[in-house]
Structure formats: structure tokens, C-alpha cells
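This report goes through one protein chain, from its domains to a few details of its backbone. Keep the sequence and the 3D view at hand while reading.

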Amino acid sequence: MTRVAAVDCGTNSIRLLVADADPATGELVDLDRRMTIVRLGQGVDRTGRLAPEALQRTFAACREYAGIIKEHGAERLRFVATSASRDAENRDEFVRGVLDILGVEPEVISGDQEAEFSFTGATKELAGRDHLAKPYLVVDIGGGSTEFVVGDDRVRAARSVDVGCVRMTERHLVRDGVVSDPPTEEQIAAMRADIEAALDLAEETVPLREARTLVGLAGSVTTVSAIAQELPEYDSEAIHHSRVSHEKVREITEWLLRSTHAERAAVPSMHPGRVDVIGAGALVLLSIMERIGAEEVVVSEHDILDGIGWSLA
């Protein structure tokens, strides 16, 4: 067993996994898994820079995570940063802050690397499940970007495109600094057109329609599953490997896009940090399912974070 700590810092959230990895059995045993909404990508699409308050929220979460990593005695630590920090002009300020707090330099990985980690994390434990046909299409719908990976036992093709729940919300649903509540039909149509253009881009290099099983990752997808199951609270065990039909995803997406902030906030499984961006994230998922003709999505709680963990083992 190797005790590893993995940090995934995205556009909307920063997450920590401390686990014991056993390469002999293919098991990754969680000791601590947590997520904090820090919205690091706040305004990046518009300004090209990480906002000072977003950096402070992220550094506060890093200090908390440093204590947990030390408490568990992790032997190896890897910190991976994704879309927002790739795009920002002042990413050096972010790198210095993380290095000071955690003692490791964040790796600002490419979209292709992000896709490979996501695929490994999501599919390693699906081996031997004959009822899930290959190849898989793994989609990781993040805050700033969405990763598409097609593969079976290994990655065959991958592409990262700049559509995510935060980016789409800020680009299309914000007027005068406030998220539309609910958005207009024109705003939704513009967002949908942006998503469709990104899917066209992804299809240039990734054979999306060859996939036989769609595996969905990250908070937008897991929250849709929680709503579909009418969970009284967010329950990772109930969500992991649940299946949500195309019809149910469409129904939930339509409701999210016509609901008010208060109505979404009242959903018991909804994280407060997702209330304003979940409609955009759900629309990305629905658009993907329609594009490839998927009848259902298999929802995974294991994703890039687990892939980073395995890279240390």
C-alpha cells in the first residue's frame, strides 16, 4: 500500500483525496475525500486574470487541506490545476501561493492530460463489468472546460473544449453582474449554440458517436443524479454508478433552466456553490446525450482525482 494525497483544483471547486493505493489489487481505499467551492475561475473568461478574492478563497482551502494531509501522513502529494489556471495571465501568483502552503508546485496540466486522468479514475474499477459495453465515452463537465475521452482499456482519443458550467453561466446568463433568474429563451439559445459549436470541435478529433457507454463525471452530473433520485441530501454512495435516462436528464435540465435561484437552492442535495451554475452544467450534459444518441448516462463519483491518485501509486 502507498498512502497518496491528490488535489484537483478546477474552475469552480478544489478537491482533496487521501487514499491508500494497492496496485496489486487495483484498489484505491479512501481515507479522506472532500470538496470546497472556491470559484477560482471567477471572471477569468472576461478578464483573463484570477481575481484576488478567488485566490484568497483557494489559498484558505489549501491551508485546510495541508492540515489533513499532514494528519494522515501521506507519503506522496500531487497538486493538479486545470482550466482556470491554464487561462489566467497571473497564474504565477497562484503557483507561488500553493507552493508556500503545500510545499509542492501545482502542475498546470493540458486538457489532454486532464482527460487521461479523468478516464483512468472513472474506468479503472469498471473492468470486468460486462454489462457496460465498450468503448466508453467519459465526459468530465467542469467549471471552465469539458473533457471528452473515448477508450476501452486505454485512451483512444481525447479533447478538452472550453465549455463548463461557470464559463457558460458567466458568458451567457449574467446581465449587469447578476445571474438571470430564470434565464430568457434567447440566453438559453445562445448558450446552447456555444455548446453545440464546442461539440463540433470535440468531434473533429474524438469519435463521440462510436461510444457504447456514456460515463459522466463531476458536480453537474452528480447533482443531476441526486435530483433524479430525489435524495434527501447529497449521498455519494447512492450517486456512484447510478444511471440516469436521457428523458430524465431532459426533464431536470428544463426545470433547472426555468426555475428561480430560491427554487434551486431549496433542492436538498444541491451544494450552495452550484445553485447559479447547475442549469448550464445540466445543459452541457443533455446536449452531449442528444449528440451521441445516449439513452442513459452512468454517473461516476470517481474521476480526475482518482486518476491523480493512481499516478502516484
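How many residue pairs are in polar contact across the interface of domain 1 and domain 2? The rule finds three such pairs. The model is a predicted one, and both residues of each pair have a pLDDT of 80 or more.

## The two domains

The protein chain is divided into two parts: domain 1 covers residues 2-109, and domain 2 covers residues 122-299. Taken over C-alpha atoms, the centres of domain 1 and domain 2 are 22 Å apart.

## Where the domains meet

The size of an interface is often given as the accessible area lost when the parts come together. Between domain 1 and domain 2 the buried area is about 1,100 Å². Carbon and sulfur atoms give 45% of that area. On the domain 1 side, the elements that give two or more residues to the surface touching domain 2 are strand β3 (27-37) and the helices α1 (44-47) and α3 (83-87). The largest share of this side comes from α3, with three residues.

In terms of contacts, 14 residues of domain 1 touch 14 residues of domain 2. How many salt bridges are there between domain 1 and domain 2? The count is zero.

## Charged side chains

For salt bridges by this rule, the count comes to 25. One of them joins the side chains of Arg34 and Glu64, with a distance of 3.2 Å from N to O. Arg34 is part of strand β3, while Glu64 belongs to helix α2 (residues 52-72), so this pair ties together parts that lie 30 residues apart in sequence.

A charge can also sit over a ring. The charged end of Lys124 does so above the ring of Trp310, at 4.7 Å from the ring centre. As for rings paired with rings, a search of the whole structure finds one aromatic pair.

## Backbone details

Most residues other than glycine have a negative phi, and most peptide bonds are trans. Three places in this chain can be read against that background.

Which form does the peptide bond from Lys134 to Pro135 take, cis or trans? This bond is cis, with omega near 0 degrees. Pro135 lies in the loop that runs between α5 (111-123) and β6 (136-141). The peptide bond from Asp181 to Pro182 is also cis, and its omega is near -5 degrees. Pro182 is in the loop between β10 (178-179) and α7 (185-203).

Arg39 has a phi near 50 degrees, which is a positive value in a residue other than glycine. Arg39 is placed in the loop between β3 and α1.

Methods
Residues are numbered from 1 along each chain as its sequence is written. This is a predicted model: local features need pLDDT of at least 70, side-chain atom pairs count only at pLDDT 80 or more; totals for chains, interfaces and linings use all residues. Side-chain values use heavy atoms; hydrogens and water are left out. Rings of Phe, Tyr and Trp (its six-membered ring) pair if their centres lie within 6.5 Å; planes under 30 degrees apart count as stacked, over 60 as edge-to-face and the rest as tilted. A charge sits over a ring if NZ of Lys or CZ of Arg is within 6 Å of the ring centre and within 35 degrees of the ring normal. Domain bounds come from an automatic or database domain assignment. Contact means heavy atoms within 4.5 Å. Buried area is the accessible area (1.4 Å probe) that two parts lose on being put together, summed over both. A salt bridge is a side-chain nitrogen of Lys or Arg within 4 Å of a carboxyl oxygen of Asp or Glu. A polar contact is a pair of N or O atoms within 3.5 Å; within protein, one must be able to donate a hydrogen and the other to accept it, and residues adjacent in sequence count only if both atoms are side-chain atoms. Helices (H or I, at least four residues) and strands (E, at least two) are DSSP runs, numbered from the N terminus.
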